[in-house]
Every structure is written in structure tokens, then in C-alpha cells.
Amino acid sequence: MPKLQELQDLTVQVRRDILRMVHKVNSGHPGGSLGCTEFMVALYNELMELKEGFDMDGKDEDLFFLSNGHISPVFYSVLARKGYFPIEELNTFRLIDSRLQGHPTTHEGLPGVRIASGSLGQGMSVALGAAQAKKLNKDSKLVYTLHGDGELQEGQNWEAIMYAAGNKVDNLISTIDYNGQQIDGATEDVLPLGNLKEKFEAFGWDVVDIEEGNNIEAVIKGMKEAKSRTGKGKPVCVLLHTVMGNGVDFMMYTHAWHGKAPNDEQLENALSQNPETIGDY
Amino acid sequence: MKKYIDQGKNDTRSGFGAGLAELGRSNPNVVALCADLVGSLKMEKFIEENPERFFQIGIAEANMMGIAAGLTIGGKIPFTGTFANFSTGRVYDQIRQSIAYSNKNVKICASHAGVTLGEDGATHQILEDIGMMKMLPGMTVINPCDYNQTKAATIAIAEHEGPVYLRFGRPKVANFTPVDQKFEIGKALMLSEGTDVTIVATGHLVWEALIAAESLEKQGISAEVINIHTIKPFDGEAILKSVKKTGCIVSAEEHNYMGGLGETVAGYLSTTLPTPQEFVGTKDTFGESGTPEQLMAKYGLDNQAIEKAVLKVLKRK
């Protein structure tokens, strides 16, 4: 894989973007963003089949829906670095008159975003609609989603999970960011999720575990496996085992950085652990 | 006053079903979704003729709204069907984020609105839906008055780009608008000209307003009757023009007087031409079981309630 070093460099750069974005406005959600960096980088730069440019309908290309919209920093950074909009715009994150709202939205016309998210639990339903539109349009491309694990506490997900299997929506790969953390603490303490793999399987999904969700090679391998299972009558779920705050030692293994920005000193420390690769915005 | 003839009682939901069936034939992008109420929404014809364009969601309205939003991505024009209660209050946040804020071209089609749903009682009789929907930026809110108009409105909203809330009902009511009348979103219809009072009505109360106007005419009172099928965007100019002539107004709707048509009228007139107004609507209450006629009478939504309101507002001129 000649691209591997490039992808790893991009991952480090995206981490820097996330940290600098949330630090600048002293708000935002670095923890989940950092935990999903490898996944998002791999998705947009190795896995998805994308057309040049952006149009809302996204016919004949893969689509992605971010359901846990609070990890917008990683979404914005990956979109910008993929060329959907200028990387300088990352400077405007959460500022007045910006297209980079706290949570992603189509409202300001930011290329790459097809649905507003932030109020949790809605993304899978939207993805199901888009996936079925693809089938009606005889479009063989796939629909990808990302959800927080805590987000699965929202009941609408289970309506969607039941529907997807019952209607054989097999052009959908829904990934769960399985970090075991949510705002108030460990999911195990807030509201245990039980055995997610068995739950999805009981609902009729095909489930792929990616045990090393912060190892980009493992992510690519696991997602390619997931892709190979599409088109076989079942929706595909990926349980992406990640560490919230990955790549910044003091942000890892805790929910403390779910929605908190680093101060100046903490930023310096965090950035020193992620030296500039392809250039800061 | 101009006379209107009931061409034969029919339900507005059947008007929706007929309109949807016609769209199925004329517009290949139209798709329909239902949350286990196909018969109640009269969607059978569309489904029979376009099985591949119909999505049975099951009893999962939140999922239905999200799926509808997603179907627009790829160029479909989704029409969702369930009761008005489950089309709005139950799924407000899904509509707010995935449809309205995301500006998705979804048509939320809501049957069994108001107390005329009847015997099922207050759990199903939503009287707050117009308020909830009109508060959403970018949402168009339509409440047609009879079978013909509901059919025409259903067809018209497919051509409109953007989210729409289309509200209709369960009971068979007078069908009196012309069968070929073009439906123009946001354009109030003058039904009968008058000089003493304006009655602006929406939905099932338009026919009641016509009956009231006839009775008032016998008492020497000339009422102008306006059918305002679109609550938002609001045709303020039509109302303003009328009250400039009549000097007072009665609003009539099968909805809580708070948050509905009446408040839209009052809000508009308070900033343009403050005008004495009476509200015909439910008075901040839930409904109950009963026949539609009984409930219309008990909750002050029939022609007699409109007549009373007219006599009251005339004294305030």
C-alpha cells in the first residue's frame, strides 16, 4: 500500500486541525473527533468512491452521513483536506457567519454535507432513505454512516435498524464508534449498551468487528471486508473499537474531553505529540 | 352572496389519495411512505399502481421522517402519510433537523387532524399542529377545505421545492370547490364578497363559514368569506384588502386559537392595520370522544359559533 504513509501523515495533520479548531473557539468536541480520525481519513481517501466536486444528489458515488454530528471537527478537516472547501475555512469553525457550524448542516451550503446532524439518532434513517433512492435510481454505489455508541441509546436508531434488515437495505454500511464513553461517563455506567454485536445480529444485520479502530491499516482492512459483504441481502454494521481522544495521551481513556477544548498549554502539549506533516491550515 | 353547492359529501383524505394516485402517474420522482395507516390515508391506489415507489415503514414515524429526508438525496419527492398527531408532535425534532433545517423536499401529509377525527378521542385529535409546523423556518403549511381542494393541493405541492405540511381530515364533508380549480400555494381565495365583516376560514371551517354567512345575510349582515388554505406563506394582502373594506374580522379554524390561523391573522393586522378580531377555534383545551358534529358544536367550531363571533366583533367596530 504505497499510500499508507500519506494516509498516516494526513491522519496526524487532521488531529492537529481538530485540536487547533476547538482550541481557537474554546469549544467543540475533540474526544470523539480524535477517536474517529483514522476511520474518517481512510473512508474519504481510500474507501469511498467519490466524484469530483459536490452535488446534493450524489448519484453514482458513495455517500457518507455523520449521525453523531458533534464530531464535526474531524468531519470538517477531512472534507477540507479532500478538497470540498478551502482548508483556510477551518479557521472559521464555530464563528459567526461561518459555514462551519458547531454541528454540521446543509443550511449554509457547505460542500460535502448532505444533512444536518447533532440532535442524535437521526442519521441512520436518513441514510436508509438515501440508500433506497440509490436502489430506485439503479445506482450501485454505497451509503456509509457513522454513529456514536452512546447515540444508540436513542430509540429511533432501533426503528432504523429493524427497518434496514426487514427491507434488505444491503447497500448500507453503518459504523458504530465503539469507544464506550459518553458525556456523563462510561456507557457502561450511564446506560449499558449490552452486547451490540448480538443485538445487531439479532435484528438481522451482518456485523464486522474492527478491533483496532485507531490503526489505519486495520480500519482499511475491516472496512474492505465490510464492503465485500454488501449486496447480499443484509445491511452491514461495523463495530469500530476506538479510544476517545486517540493520539493525545492526556485525552485518552476518559470521557473528560468529549466536549472540552484544550487550553494554550494543553494545546502545545497535544500538538507536540502530533508534529505537523502536510502543513497546518 | 355567492352560493356554493355541495357536489356530494366526501372526505378530504380521499382527496389526498386521489391526488397522490394522479401524481403516481404523472411524476416518476414522487414516492410515498406510510407508517401503518395505508387505508386511513387512502393510499391504496398509488401503492397498487407503483409498488416499487411505496415504502411501508411500520409503526415508526421518526424513522419515516428520516427516511423521507434521505430519499430526497437522489431526487425523489417523498410524501409521508400518517395521522396529523403522529406527523407532527411525535416527530417534531426529526422534522426540525432532518427536514426543515436541512431544507429537504419532503411533503408531510397529515390526516385525521382536529376534533373531527371523532370517537378515537383526544390522544389522536391534534389541535396544535398548525402552530408547530408554521413555526419552522421554511415550512409551507396548507389546510385545504374539501375533497377537490385537497386533491388539487396534493398535486400542487409536488411542484413546490421545499418542505410542506399538508393537513386534512377524516370525516365526509361538503365538497363545494370547483373540480378544476387550480391550487395556488399562498393565495387566499375570495369565496363571497361582503361589506360588514370578513370571515377568514381554513380547512373544514370554510364550509361552516359559508353557512354562517348565509344566515347572517338573512339578518341583513353582509359577510365577506375568504378561504385561506395556506397558513404559511400567509396571504396578508388579501386579508388587509378585505378588512380595509369591512373593518372587522373573524378567523375560523379547527385548531387551538393559540398558534394557528387566528394568531397569524392577528399578528399580520397588528403591524399593518389593527382590526377588531374574534377567534373561532378551540380554547386551549384537548378534545374528547364523540361524533364529528357533536364535537364541532361542543368545541365552538361550527357555523353557529362563527355567527356568534361575527355578531360579537361587529359590536367592537
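**Exercise 1.** In this predicted model, determine whether Ile220(A) is buried or exposed, and describe its surroundings.

*Solution.* Begin with the neighbour count: Ile220(A) has 23 C-beta neighbours inside 10 Å, and a residue is classed as buried when 20 or more other C-beta atoms lie within that distance, so Ile220(A) counts as buried. Next, place the residue in the secondary structure, where Ile220(A) belongs to helix 9 of chain A, covering residues 216-228. Then set aside the neighbours within four places in sequence, which leaves Ala42(A), Glu46(A) and Leu47(A) in contact with Ile220(A). Finally, take Met21(A) as a point of reference: from C-alpha to C-alpha, Met21(A) and Ile220(A) are 26 Å apart in space, with their positions 199 residues apart in sequence.

**Exercise 2.** Check the length of helix 4 of chain B against its expected span, and establish how many of its residues are buried.

*Solution.* Helix 4 of chain B runs over residues 61-72, and its 12 residues, taken at 1.5 Å a residue, should span 16 Å. Because the C-alpha atoms at its ends are 17 Å apart, the model agrees with that expectation. Turning to burial, 12 of the 12 residues are buried, so the helix is largely enclosed by the rest of the structure; among them are Glu61(B), Asn63(B), Gly66(B) and Thr72(B). Just after this helix, Gly74(B) adopts a positive phi of about 125°.

**Exercise 3.** Characterise the packing of helix 1 of chain A against helix 4 of chain A, giving the angle and the distance between their axes.

*Solution.* Helix 1 (residues 4-25) and helix 4 (residues 72-82) of chain A pack at about 125°, and their axes are 9 Å apart. That angle makes helix 1 of chain A oblique to helix 4 of chain A, and the crossing is right-handed. For the residues involved, helix 1 of chain A contributes Leu10(A), Val14(A), Asp17(A), Ile18(A), Met21(A) and Val22(A), which meet Pro73(A), Val74(A), Ser77(A), Val78(A) and Arg81(A) of helix 4 of chain A. Sorted by class, this contact comprises 8 nonpolar, 1 polar and 2 charged residues.

**Exercise 4.** Which element of chain A gives the most residues to the side that touches chain B?

*Solution.* Start from the whole contact, which takes 27 residues from chain A and 23 residues from chain B. On the side of chain A, the elements giving two or more residues are helix 5 (123-136) and helix 6 (155-166), and helix 5 of chain A gives the most, with 10 residues. By class, the side of chain A that touches chain B holds 11 nonpolar, 11 polar and 5 charged residues.

Key
Residues are numbered from 1 along each chain as its sequence is written. Chains are lettered from A and ligands numbered from 1 in the order in which they are written. This is a predicted model: local features need pLDDT of at least 70, side-chain atom pairs count only at pLDDT 80 or more; totals for chains, interfaces and linings use all residues. Helices (H or I, at least four residues) and strands (E, at least two) are DSSP runs, numbered from the N terminus. Two residues are in contact if their C-beta atoms, placed from the backbone, lie within 7 Å. The expected span of a helix is 1.5 Å times one less than its number of residues. Axes are lines fitted to C-alpha atoms, for helices over the stretch in contact, and angles run from 0 to 180 degrees between N-to-C directions. Angles under 35 degrees count as roughly parallel, over 145 as roughly antiparallel, 65 to 115 as roughly perpendicular and the rest as oblique. A crossing is left-handed if the near helix is turned anticlockwise from the far one by less than a right angle, and right-handed if clockwise. Ala, Val, Leu, Ile, Met, Phe, Trp, Tyr, Cys and Pro count as nonpolar, Asp, Glu, Lys and Arg as charged, and the others, Gly among them, as polar.
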